[in-house]
Structures are given as structure tokens and as C-alpha cells.
Amino acid sequence: MSLIHETDYGTPPSRAEKSVTLSIDGFTVTVPEGTSLMRAAMDAGIKVPKLCATDSLDAFGSCRLCLVEIQGRPGTPASCTTPVAEGMVVSTQTERLKKLRRGVMELYISDHPLDCLTCAANGDCELQDMAGAVGLREVRYGYAGENHLEAVKDESNPYFTFDPSKCIVCSRCVRACEEVQGTFALTIDGRGFESKVSAGVAEPFVESECVSCGACVQACPTATLMEKSVIDIGQPEHSVVTTCAYCGVGCSFKAEMRGTEVVRMVPYKDGKANRGHSCVKGRFAWGYATHRDRILKPMIREKISDPWREVSWEEAIGRVASEFRRIQAQYGRGAIGGVTSSRCTNEETFLIQKLVRAGFGNNNVDTCARVCHSPTGYGLKTTFGTSAGTQDFDSVAQSDVIVVIGANPTDGHPVFASRMKKRLRDGARLIVIDPRRIDLVRMPHVEAAHHLPLRPGTNVAVLTALAHVIVTEGLVNEAFVRERCELDDFSAWAAFVAEDRNSPEAIEAVSGVPANLIREAARLYATGGNAAIYYGLGVTEHSQGTTAVMAIANLAMATGNIGRPGVGVNPLRGQNNVQGACDMGSFPHEYTGYRHVSDDAARTMFEQLWGVTLDHEPGLRIPNMLDAAIDGSFKGVYIQGEDIVQSDPDTQHVVDGFKAMECVVVQDLFLNETANFAHVFLPGSSFLEKDGTFTNAERRINRVRKVMPPRTGLADWEITVAIAQTMGIDMHYDHPSQIMDEIAHTTPTFTGVSYDKLDALGSVQWPCNEKAPQGTPVMHMDGFVRGRGKFIVTEYVPTDERTGPRFPLLLTSGRILSQYNVGAQTRRTANVIWHDEDVLEIHPHDAEERGVREGDWVRLASRVGATTLRAKVTDRVAPGVVYTTFHHPLSQTNVVTTQYSDWATNCPEYKVTAVQVSPSNGPSQWQIEYREMSEQNARIALPVDAAE
Ligand code: SF4
Ligand code: SF4
Ligand code: SF4
Ligand code: FES
């Protein structure tokens, strides 16, 4: 194994179709028009010395090291900023150029510490490389004059240092922050000799606008910006390409290693989802994988009030098998089930649903996608014929209008947000539909054309009002509808949306959005060119989540914004493998590839392959399992990678469900909240310890590769196989690639997928089969998967969750950049410095009415429960709306959320809860106890009485 070095071509590629032929150092080169001389030379294998250029950034031309001579032209132009021209004759290596370059390098080195032997970048420093490349042998200027060698190091960021004494002011960091990340946190202050890199207004990095994405660190050619992990451990010696295990963007990384220790994670330029960029979580927040809280030994106990007892794998797995068989014998085949997680690989998920269907003999399998994007699956399958987003991420570069609804990409999907911001800076128009003024509404060099601050719970009303404008103002793309959609359904839908009660003027009273804003946004979406919709859990986690997804699909079909690059309907998936969890058949009613369990052909195929008879009735969903447990008919569950107690709504009900079970088996990295109710704990492995695949929000199947052995001795898939075998179920695999082979063999949209293909292509987007052997970046190009697109009438039905005198405010929720979901991983990293508690955002007007000031403790109460957290007084939320995140178990936001759920999929209505906020003296007793116990690194049972 060796370190993977990706070629740096110096400047970005040109996309021009026309080619140009020229001669460089006697070699004939043909490249696209617009290519820089530097890149053309690299194509011919000629490395022109460079410092300020790198191919992730536009050429800047400041260092003067890349000079070349061009026949017939005076001077020595910079090759990074000079485009190729037909017939050009270029020399990159002449005596004059050598001398000039040495002179430039001499000046750099004369103001640079010569501590190469002890520098953390030794061996990975472009300045060092260039000194060698230009043949620098002496520096005539000493350190006697003015220099920057005593400049003070900034170590404020937990993950990287800034040592200005080593800075050559090449601006790569500043440009990376602007062009790649889009945060504009850095500037070059001063001029000439005085110029220096500055974060914010000469602030420490950690206090500036910096979001710690690390793009500047990656771009820096010297040790000025340097990962602390490299300073601590030393330079890596080999790398393995794998996939981030946090969000649904699915960024590819090189895990750079020394032995089995991760030195750093470097975003992989060939990664098609992230194109060499990352956010703070993927690049830096991997320390949880070796955190001391990791449980590394299996544990069992008779009762949940007993202490845990460490046991061997054999004993733990034997207990699971014997208990599950006992329960089935005593209570019936349907008394047990399995829950998989969107954090698991596709292969792990496939095995769990196979264990349940073929081994347990029922369909009681569900996934946490139930509580996030199940409405996407149902809504898009009904309208388009397939349960997935329509585009690849590259598509956004061709959008003219971008609609973001119920999503906060800069926090939730930061790397995709950077690509979206780039397109917005380049001229696309933005419509934000969200109760809260998310960052995208206004940030450096990005401003939404329209922000529709709708009341939580009124998505369907507003989406239908947008459709009203499109239909009544003659903005429908009739040719598209005629050619591609079911016409009867379209007519019924058009008549429905055209009714006066769906007009923006009528909906203004319901949604709080001024009618003219709805009208203008609808016109822009329908007439502004390629228009793409991106949406998140602010659409799905509602009692009408599925209806809202269908309303979005209706808009795209009515305007013809589907079936080509730049347009489409794009769910921004929350977790790393939400898409995969759904694809892999982990819902109780569907096999892999979204085939219903009552589909005779699919069921017979699995029955023949697995040698069993399968149940043709859908099994229990997670909420049904909990209800059945309380009723006494459901007694045992195997949960892999999901913390249901913390992440599902109405905590008290969830807890009651678990307490009623006889064998709860939790497989996870840490003793999570659900483990408080478990009888068997099986220690899981982190993404660094496993082979497999994740499927991201653009249906891209990415490889996850093992960079270190499982610290517990068994990979997660091996645990499932061991349970199956101990229960007497026929299940044998030697490697996850064989599981993928079975997935491919049984799933029409995956027939072309194999580990060999993924290794060869890097990744593929399903459908990948005979029709599309290289995968499918954009769906529904020549026709919808279901044949003709189906319009659905989207009647707005207000949620039963209503405000009133007791609970006059509406609570909605979301994520923050530095933390991830319930925080089990990110809370065990230095990311906590940015968000060490969840706070409640409240509008100044509502705060004043209640005598609440910034930072005060407030009691947040709904009709099902109450919790306490600090207030943040801000006009980011509208009057009548409060907002919080849900990353910390201490705040237990789900103590207040209700059991209302989506009519079609049971996805909980997390985004609308009627609440009251009142001043409080401080955290409640259970919170104080919880904090004290956590500080002692102890673990207590969840405060089940908190809601009372
Ligand atoms: S910090 Fe690094 S990238 Fe930024 S100007 Fe200095 S040397 Fe260049
Ligand atoms: S870490 Fe990212 S946000 Fe911070 S200064 Fe560097 S590029 Fe900008
Ligand atoms: S958390 Fe998401 S955006 Fe950040 S690096 Fe991981 S996959 Fe990429
Ligand atoms: S690399 Fe061309 S001027 Fe710096």
C-alpha cells in the first residue's frame, strides 16, 4: 500500500468543445480551447514549476514561478494565466527562465524559516519541492533585513494551525475559502511586504466566520495551514479511498494512514459527489471512532435494571438466538423484528432484512428512513415511478433557478451547498421556502430572489398556490405535459389548483406568506430557465409529507423541469445511507428495488434463492412495533445502528414500548439511549473498520473501505451472519462483495453493480444494469420510469396539531453544521466547541411578551411533555415560531414532539409541534442529574418521567 498522489494540473479543465494544437518543448499537444499553458504542459507530462496555482482554483498569476517563453511573443508570461492558442510554440525550460525562477525562489526562501527537518510538512511541501525543482542552491539574502519569522502562530482552531511565519502569501487559502467553500472568511490584509493572510478582521480562526471546512488547509502549499493531527503523528505513509459516514452528500476521502492510525482525511478529487471538497465533519470529526466511550466487548443482562456483564461473542450471539427462538415459540412468529439504520452499509442492511424475512419468517423490518424520507419514497414512486432523486450533484451547475424548500443545505449538506453557492454566485436565482431565515437567504455574495417564510405545516398549501399561479397565468409547459404525462390526471389537477381557494391570496391567510411573494416565486420558477427543486426534512416530516413531495413533483412536471441536467426534484437525504437503506428493502412492505412483498414474481424469486417460504403481508413499522409491544404481542427486536429512544417522537411512548419487550438487542458503537432498555449489547464497528457501500442522495453507490481492522473483532455484517447461523438460518458470505453480488442478482436496478465495477469507475448511480451499464446520472430523460408522469391532486389538510391558548407557538427543528443527528459521534469530537448545547430560537416579540432574554433558561412544553433549554432571541424565526436543534440528549427535544405522522408512511410530524415557552430557573432536575452523570462518564437510564 502506498500514498495516493492525485495529479495537480495547476488550473481547472476547460469544458470547451473546440480543440487547439500547439507545441510545448517540442511535443505536440492538443487540448480544449481555453486550457492554460500550464495544464496543457501537464497533459504532455511537463511539470512547470508553480506555487500559487492549483487545479481546484482559478488561475491567479501571483507567484511568477511558472514563467514560459512563447515564440514570437515578448517577455515571459505566466503559464497558469495564459491560455493556449493554435500553433503556439512554447518553451518551459530555458536558461533565462531557470535564472528568473531561481531569483523568485530565492526571495521566498529568504523570508522562510529553514527548519525543514523538523517541519510537519517535511516531504509534503510544495515550497520545498519547488526549491528542488528550480535547482536553488544558495540564498544570497540573509535574515538580517525585515522578515516575518517571528509572526505568532494561531492555534485556536481545534483541528489546524496557522503559522504565518511560513506563509508565502500565495492566496490559495483565500481563494479556496471563496471559490470552493464560498464562505469568504479570509482576506489578504495590507500591501506589498506588509500583506498577510487574515481570518475575519484579524481574528483568531476560531472566532472568525470560518466554518472549518479545511479547504484552505488542503490548498496551502506550505506548512502555514496544517492539520494538528499531522503535527502530532507525522506524515502518512499509505492511503485508502473511502466514503464519509455522516451525511447524504457522500463525500469521498483518502484516509491517509500510518499503520492502522488515521493521520488525516483528505477529500478525494476524483470523488464525484464532492470533487475534492468536504465539511468539518468528514474531514476532521473522525476521532469518535477511537473514543474511550466505544464499547468493544459484547454484554448481556437478564433485566434492564441489572448491571451489564461482558461476555464472549459466542455467549452474546447464543443469547440472542435462544431468546428470539423462545419468544417466537411462546408468542408467535411475528413477535420479533429487526430495525436497520441509514448509517449501516447497503450490505449490512440487506442482511438484516434477509434475516428478518427469511429467518424470522415475517416482514417486521424497518429503518430510520421511516422517520425522515419515507414520504419521498412514496411520493416520487407514485408520480414518477421511482423512489429517488432525479439528478446528480453536477446538475446544479446548469440550473438557472434553484428552489430550496424545507432544507438548510449550508448546515445539513454543506459540500453540496458549496456547489450550489458557486452556481448562485455565477448567476442562478434562488427561491427559499422555509419558516426560518436560513443562511442561504442572505450570505456573502448570495442573496435569495424570494424568501417565502411560511408557517410550519403549510407546505402543501403554498406549493399548491404556486401551481395555481402556473396554471392560471398560462405558464404550463403544455408540450411537455402532452408528451410525457397522464393527461386525465393533469386535467383533474389543473382544475383543482385553479380553484380560487388555492390562489395565493386565499393561501396568504393560511400560510402567512404574502400573496405577491408566492406569485413572483411561481413566475420565476416557471419561466426562469432550468429550474431545480431541492428539499429536505422540512417537507417530509409532516402529517402531509407525502402530499408535499407529490406537490413538488407536480410543479416539476407542469413546467417541464424534469428529465435533463439543471432541473429535477432532489431530496437532500439526511444520513449517509438513507437512500441505500430504502433501496435495500428495509421497509416492511418492500423487497430491494421497491418491489412490494405481495408481488408474486419478486417473492417467488427470493423464495427460490433463499429456500424458504416468505410472508406476503407487510410487517410492522417501527411505531407499530412499539404499539404492539405495549399491547403485549411484540417481544423482541434486533436494532443495528439506530437510537430509536433519542430519535423517534414522543419519547415516553417509545420508552414504554421498549420496557414492554423481553429481548432488546442493540448493536452500536456506544451505549446509546436505546441501550438503556437493551438486554444484549453487541459492539459495532465504525466506518473505518468495514468494507461495504453507501448510496448517497444522488443514488451514487460509493465504496466504503476498511482502513483498520474491527476493534471488536467482528465486522457488523459478520455479527448478523453469526446470529442467523446460530438460529439455524442458512447464510454464508466470506466478504461483503458477495452480499453485493446477491443484491445485484436479485435487484433489477442493481444488476450491473459489483465491487469490481465500483473499483474501476469510482462510483455508479443506479439504475445500473444492462440498459445503463455505467449508471444513470439523470433520471426520466426519455420517459418516466412509470411510463407517463402522474399528477396528483394535493388537497391541503391542516395538521391536527393546532396552536391554542395553552400552546400558542409552533416548534420546528433542524440541524447545525458541526453536529450530526443525535450527536453520538460528533459530541465525541472537538466539534462540541461550536455547539455544546441545543438552544431555542425565539423571535424578539415572543421573547419580550414572556419576559425572556438572550441566554435565559426557558421551559419548552407541549401537550405530551416538557424540557428546558436556553433561549436565543433572534428574528431568524418569524413571530409565533420557535426553533431548535436535536443533537444533545440533555435537551431531549423529542420529549415534546407528538405522535402525529404522515398519512401515507407514518413519518413523524417532527416539524410542527404546538408549544408554550416560559421562563425557567434552570435545567430541570433530570437534566442536572444527567449532566452530572455524563461528566463522570457514567450512564443512566433515560429520565422517563421528564414529560410528566
Ligand atoms: S496560508 Fe498557505 S495558502 Fe494561504 S497564502 Fe499563506 S502559504 Fe498561501
Ligand atoms: S477552513 Fe474553510 S471556511 Fe475556514 S478559512 Fe479555511 S476555507 Fe475558509
Ligand atoms: S458530512 Fe456530508 S458534506 Fe460533510 S464531509 Fe461528510 S458527506 Fe461530505
Ligand atoms: S503558478 Fe503561475 S504565477 Fe504562480
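**Exercise 1. Describe the surroundings of Lys254, starting from the side chain.**

Solution. Step 1: a polar atom of the Lys254 side chain lies 3.3 Å from the backbone oxygen of Ile4. This is a polar contact, that is, a pair of N or O atoms within 3.5 Å; within protein, one must be able to donate a hydrogen and the other to accept it, and residues adjacent in sequence count only if both atoms are side-chain atoms. The model is predicted: local features need pLDDT of at least 70, side-chain atom pairs count only at pLDDT 80 or more, and totals for chains, interfaces and linings use all residues. Residues are numbered from 1 along each chain as its sequence is written, chains are lettered from A and ligands numbered from 1 in the order in which they are written, and side-chain values use heavy atoms, with hydrogens and water left out.

Step 2: Lys254 counts as buried because its relative accessibility is 6%. Buried means under 20% relative accessible area, exposed over 50%, partly exposed in between (1.4 Å probe, protein chains only).

Step 3: leaving aside residues up to four places away in sequence, Lys254 touches Ile4, Glu6, Ser239, Val240, Val241, Arg264, Met265, Val266 and Tyr268. Contact means heavy atoms within 4.5 Å.

**Exercise 2. Place Lys254 in its sheet.**

Solution. Step 1: Lys254 is found in strand 10 (residues 252-258). Helices (H or I, at least four residues) and strands (E, at least two) are DSSP runs, numbered from the N terminus.

Step 2: an open sheet is formed by 3 strands in the order 9-10-11, with antiparallel pairing. Strand 9 (238-243) and strand 11 (261-267) are at the edges with a single partner strand each, so one side of each has no neighbour in the sheet. From one strand to the next, the twist averages 30°; axes are lines fitted to C-alpha atoms, for helices over the stretch in contact, and angles run from 0 to 180 degrees between N-to-C directions.

Step 3: strand 10 and strand 11 are joined by 6 bridges, where two strands pair if DSSP finds at least two bridges between them. Met257 has Val262 in strand 11 as its bridge partner.

**Exercise 3. State how strand 29 is enclosed and paired.**

Solution. Step 1: strand 29 (residues 700-704) has 5 of its 5 residues buried, so it is largely enclosed by the rest of the structure. Arg700, Asn702 and Val704 point one way, Ile701 and Arg703 the other.

Step 2: strand 28 (residues 692-695) pairs with strand 29 in the antiparallel sense over 4 bridges. Strand 30 (residues 763-765) pairs with strand 29, also antiparallel, over 3 bridges.

Step 3: Asn702 stands opposite Phe694, and its bridge partner in strand 30 is Ser763. The hairpin of strand 28 and strand 29 has 4 residues between the strands, and there Arg699 takes a positive phi near 65°.

**Exercise 4. Characterise the shell around ligand 3.**

Solution. Step 1: the shell consists of Cys244, Tyr246, Cys247, Val249, Gly250, Cys251, Phe253, Cys279, Lys281, Gly282, Pro414 and Val415; a residue is near a molecule or strand if one of its heavy atoms lies within 4 Å of it.

Step 2: these residues divide into 9 nonpolar, 2 polar and 1 charged. Ala, Val, Leu, Ile, Met, Phe, Trp, Tyr, Cys and Pro count as nonpolar, Asp, Glu, Lys and Arg as charged, and the others, Gly among them, as polar.

Step 3: helix 7 (280-284) and helix 12 (414-425) each supply at least two residues of this shell.
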